[in-house]
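This report describes strand pairing, helix packing and cysteine geometry in one protein model. The sequence and coordinates are shown first, and the account follows.

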Amino acid sequence: MSNTSFTMKVWGARGSIPTPGPSTVKYGGNTSCLEVRCGDELIVFDAGTGIRELGNHLKTKMPLKAHIFFSHLHWDHIQGFPFFVPFYAPGNEFTLYAERKTGCTLEGLLSDQMKYPYFPVPIPKSPSELIFNDIESDKEIIVGEAKIKSYRANHPDGCLAYRTEYMGKVIVYATDTEHIEEIDKNLCKAAKDADIFIYDCNYTEEEYQARRGWGHSTWIEGVRIAKEAGVKKLILWHHDPLHNDDFIDDLERQVQEVFPNSQAAYEGLEIKLI
């Protein structure tokens, strides 16, 4: 019998910088990394420091193939890439996707962070097969029976949100995006009737007033989009490094008062849709 399960697992949900320590144990301190399984297909969104733990988990499951989608290439979304163990094992194959930046390819940008004096092992010495794809917004990619479509997010230097459709269910990953004065119609389109809507809730409303233009949003805007788009479940993502477990507990309670089927992402959170 074929595997048709559709699941997601959080390996890192923190934003900006890793925040290990006793005050962040519950929600975790690793930066963005989301694992999605569409049947036998392994799809990963972002390679923040959380991808290191995912790699350790996958060590016993090699050889493997995976598709890795980058929302963008800011440090907190690529920092774990050099520490992803399967990357150094022969027989593995990784297809990588990210938005092309002016004058820079995905391969070039990932290679740059692994050059001397930043890292001792350059990408060309990796024994696994790496396939690099430079993509744009409104791009549809087929992975097995899953369909992943990219959408424009509002973030300095550009960012992509991703909608994954599989077997009639939908997961939307929308990190690092800032709301403007009006509701973001583009993200409403991306999140339309989504079963899971993962949204950047980095700031409180008070914090946002002091950080306009930094490319992040609030849970209030996440709820607004979720209601407009008919989302079934809202996941708070990209926790600010200043927000400890108690702070996020309080945020989660506030969100659930106005959108009951919501929760703050934490490392190890698993949701099975099928």
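Strand 4 (residues 65–69) is mostly covered, with four of its five residues buried; buried denotes under 20% relative accessible area, exposed over 50%, and partly exposed the range in between (1.4 Å probe, protein chains only). The model is predicted, so that local features need pLDDT of at least 70 and side-chain atom pairs count only at pLDDT 80 or more, whereas totals for chains, interfaces and linings use all residues. Residues are numbered from 1 along each chain as its sequence is written, and side-chain values use heavy atoms, with hydrogens and water left out.

**The sheet containing strand 4**

Helices (H or I, at least four residues) and strands (E, at least two) are DSSP runs numbered from the N terminus. Two strands are taken as paired if DSSP finds at least two bridges between them. Strand 4 pairs with strand 3 (residues 41–45) in the parallel sense over three bridges, and F69 in strand 4 is the bridge partner of F45.

An open sheet of seven strands, with mixed pairing, has the order 6-5-4-3-2-1-14. Its edges are strand 6 (129–135) and strand 14 (270–272); each has a single partner strand, so one side of each is left without a neighbour in the sheet. From one strand to the next the twist averages 20°, where axes are lines fitted to C-alpha atoms, for helices over the stretch in contact, and angles run from 0 to 180 degrees between N-to-C directions. Strand 5 (residues 93–99) runs parallel to strand 6 and is joined to it by seven bridges; E93 stands opposite E129 in strand 6.

**The sheet from strand 7 to strand 13**

Seven strands also form an open sheet of mixed pairing in the order 7-8-9-10-11-12-13. Strand 7 (140–143) and strand 13 (262–264) each have a single partner strand, so these edge strands have one side without a neighbour in the sheet. Neighbouring strands here are turned by 20° against each other on average, direction ignored. Strand 9 (residues 159–166) and strand 10 (residues 169–174) run antiparallel and are joined by five bridges, with K169 in strand 10 as the bridge partner of Y166.

**Helices across this sheet**

Two helices lie across strands of this sheet, as tabulated.

| Helix | Strands crossed | Approximate angle |
|---|---|---|
| Helix 5 (residues 219–229) | strand 11 (196–200) and strand 12 (234–237) | about 150° to strand 11 |
| Helix 6 (residues 245–258) | strand 12 and strand 13 | about 170° to strand 13 |

Helix 6 has 14 residues and reaches 21 Å from its first C-alpha to its last, close to the 20 Å expected at 1.5 Å a residue; the expected span is 1.5 Å times one less than the number of residues. Its buried residues are D245, I248, D249, L251, E252 and V255. They lie on the same side of helix 6 because they cover an arc of only 165° around the axis, the arc being that of the directions from the helix axis to the C-beta atoms. An α-helix has 3.6 residues a turn, so residues three or four places apart point the same way. D246 and E257, on the other side of helix 6, are exposed. The buried residues of helix 6 pack against helix 5, strand 12 and strand 13, contact meaning heavy atoms within 4.5 Å.

**Cysteines**

How many disulfides does a search of the whole structure find? The search finds zero, a disulfide being a pair of cysteine sulfur atoms within 2.5 Å. The cysteine sulfur closest to that of C33 belongs to C38 and is 15 Å away, too far for a bond. C33 counts as buried at 0% relative accessibility, and C38 counts as buried at 3%.
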